[in-house]
Amino acid sequence: MSSLTLYASDVAALMRKDLRLELRARDTLPAMLLFVLSTLVVFHFALPTGTSDDAAYGLLWIAIVFTALLGLARAWAPEREGGALDGLVLAPCDRSAIWLGKTLAVFVFLTAAELVALPAFALFFAPVDLVAIAGVVLASVGICAVGSLLAAMAAASRGREVILPLLFLPLAIPLIVGGVGAGISPQGATYLSFLALYDLIFAILAWATFEYVITE
Amino acid sequence: MSSRNNLPVLAFATTALLGIAVVLALLVAPEDVDQGVSQRIFYFHVPIALTAYLCFGLGAWKALRLLSVGGERRDLESYTWIHQGTIFGALTLITGSIWAKASWGVWWSWGSNQLVLFLVLFLFYCAYFMLRFSVDEGARRERICAVYALFGVALIPVSFFAIRLASDFIHPTVFTREGPQMTGTMFGSFLVCWAGITLLAYVMYRIELVGKRTDANLRELREALS
């Protein structure tokens with residue numbers, strides 16, 4: 001096997017492990033789905049009557065980011081609780097594959113939550129067009145790429161759940177700008193390309209630096 | 001250890017330079033036609049902001065060196081630069097806020113992209129300290145902090161661009177500061193202030209570093225004695 005297919009199969013195996021764990025234990029995804037729905041209902045009561053759709057759209061992004069945070073906070077919990085992190089680090093695979101596998105698994109969870117959130121948002125508040133959906137997808141890539149690395153950092157710290165949002169939110173601001181802009185601005189394409197640029201920069205950075213975060 | 005000896009000289013030079021800078025900014029530089037006396041804060045606000053960028057950049061540079069070459073001292077140097085950067089970042093927010101009050105009548109304006117950028121960076125680097133102090137000391141903490149510092153310099157241009165984009169849909173009206181061109185005296189005063197503030201950051205960095213190293217040495221000694 002060439003090194004690239006070997007790498008891909010490592011990543012796929014790591015991702016499958018996370019998905020299978022989730023299928024058996026079901027301790028993250030149902031929480032994310034319920035959380036995103038409850039947030040949207042809360043937003044209905046938080047918004048005064050007659051607020052524009054644009055304001056509601058901004059709140060959708062808050063719901064997405066905090067749902068992602070909920071998933072990310074638990075992203076490394078199975079490894080930590082099972083003491084599996086040392087084993088993963090010692091495994092004969094490139095360490096960045098661990099990051100990529102985790103990122104893809106979190107992306108699957110977040111996509112599932114968004115598959116609930118977007119129709120619910122369209123039903124409760126305002127219609128969502130294709131550009132907005134493209135914005136959600138691109139921003140989710142960035143959220144997962146940066147988030148899974150930061151979650152690994154936070155997992156090494158004492159104040160795990162507390163510290164992750166602090167690390168994550170400043171880095172998520174450009175994503176929110178891109179996502180909200182793609183939804184409400186007439187020049188959606190500009191925002192989409194900005195999101196793609198963000199994804200590219202931070203995915204490369206996270207891919208290259210993950211090894212330093214995970215090794216003792 | 002010649003580097004330790006020049007610190008008092010440097011500190012004295014900085015004090016002198018800053019004294020000259022204050023005189024130049026407040027008395028020598030001509031008054032701005034549009035904004036009057038409040039424009040004089042420009043001679044401190046902009047150099048402080050530029051110095052904060054410099055500190056963050058140097059912190060990330062040390063972090064990069066730590067990851068590529070290694071060396072425990074680079075962790076402390078990176079941390080100290082970022083600490084100075086955060087101090088100067090907070091000063092940028094304060095001076096910017098005062099300037100906003102004087103020229104626009106409000107303490108805070110989301111229309112000022114530079115200020116918003118500094119707020120984002122300030123939050124980001126405060127989280128750096130939270131992270132640093134909640135991870136146990138050791139090689140892993142050094143690397144985690146270094147990686148986070150590297151994310152910081154990537155975030156600066158990305159956020160800058162994002163905030164520019166956001167002002168399109170949040171604030172249709174954009175403040176422009178393209179007043180009259182700076183005259184020679186104004187530009188000269190600005191350069192002196194800039195040099196003074198940069199030197200101040202460097203001296204503060206050195207003092208903090210010496211303090212931190214003494215602290216670490218003292219702790220080692222105590223552990224060795226006990």
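**Chain B as a whole**

Select chain B of this predicted model. Its secondary structure consists of 7 helices and 0 strands, and the order from the N terminus is α-α-α-α-α-α-α. The C-alpha trace of chain B extends over about 65 × 45 × 30 Å along its principal axes. Chain B has 226 residues, of which 37% count as buried. Among its contacts with a separation of 6 or more, 77% join residues that are 24 or more positions apart.

**Helices 4 and 7 of chain B**

Next, select residues 72–104 of chain B, which form helix 4, together with residues 184–225, which form helix 7. The axes of these two helices come within 10 Å and cross at roughly 135 degrees. Helix 4 of chain B is therefore oblique to helix 7 of chain B. Their crossing is right-handed.

To see the contact itself, display the side chains on both helices. Helix 4 of chain B contributes B:L76, B:E77, B:T80, B:W81, B:H83, B:Q84 and B:F88. Helix 7 of chain B contributes B:A201, B:M204, B:Y205, B:E208, B:L209 and B:K212. Coloured by class, the residues of this contact divide into 7 nonpolar, 3 polar and 3 charged.

**From chain B to chain A**

Now display both chains. Where they meet, 27 residues of chain B are in contact with 28 residues of chain A. On the side of chain B that touches chain A, helix 5 (113–134) and helix 6 (139–170) each supply at least two residues. Helix 6 of chain B provides the largest share, 18 residues. By class, this side of chain B comprises 22 nonpolar, 2 polar and 3 charged residues.

**A residue in contact with both chains**

Select A:V213, which lies in helix 9 (residues 188–214) of chain A. A:V213 counts as buried because it has 22 C-beta neighbours inside 10 Å. Which residues is A:V213 in contact with, leaving aside its neighbours within four places in sequence? In chain A they are A:L149, A:A152 and A:M153, and in chain B they are B:R143, B:I144 and B:V147. For a sense of scale, add A:F107: this residue and A:V213 are 106 residues apart in sequence, and their C-alpha atoms are 20 Å apart in space.

**Helix 3 of chain A and its surroundings**

Move to residues 53–73 of chain A, which form helix 3. At 1.5 Å a residue, the 21 residues of this helix should span 30 Å, and its end C-alpha atoms are 30 Å apart, which agrees.

The buried residues of helix 3 of chain A are A:L59, A:L60, A:W61, A:A63, A:I64, A:V65, A:T67, A:A68, A:L69, A:G71, A:L72 and A:A73. The elements that cover these residues include helix 2 (29–46), helix 6 (95–124), helix 7 (130–156) and helix 8 of chain A.

**Helix 3 against helix 8**

Finally, add residues 160–184 of chain A, which form helix 8. Helix 3 and helix 8 of chain A pack at an angle of about 145 degrees, with their axes 9 Å apart. The crossing of these two helices is right-handed.

On helix 3 of chain A, the residues to display are A:D54, A:Y57, A:G58, A:W61, A:V65, A:L69, A:L72 and A:A73. They meet A:E161, A:L164, A:P165, A:F168, A:A172, A:I176, A:G179, A:V180, A:G183 and A:I184 of helix 8 of chain A. By class, this contact has 13 nonpolar, 3 polar and 2 charged residues.

Conventions
Residues are numbered from 1 along each chain as its sequence is written. Chains are lettered from A and ligands numbered from 1 in the order in which they are written. This is a predicted model: local features need pLDDT of at least 70, side-chain atom pairs count only at pLDDT 80 or more; totals for chains, interfaces and linings use all residues. Helices (H or I, at least four residues) and strands (E, at least two) are DSSP runs, numbered from the N terminus. A residue is buried if 20 or more other C-beta atoms lie within 10 Å of its own, exposed if 12 or fewer, and partly exposed in between; C-beta atoms are placed from the backbone. Two residues are in contact if their C-beta atoms, placed from the backbone, lie within 7 Å. Axes are lines fitted to C-alpha atoms, for helices over the stretch in contact, and angles run from 0 to 180 degrees between N-to-C directions. Angles under 35 degrees count as roughly parallel, over 145 as roughly antiparallel, 65 to 115 as roughly perpendicular and the rest as oblique. A crossing is left-handed if the near helix is turned anticlockwise from the far one by less than a right angle, and right-handed if clockwise. Ala, Val, Leu, Ile, Met, Phe, Trp, Tyr, Cys and Pro count as nonpolar, Asp, Glu, Lys and Arg as charged, and the others, Gly among them, as polar. The expected span of a helix is 1.5 Å times one less than its number of residues.
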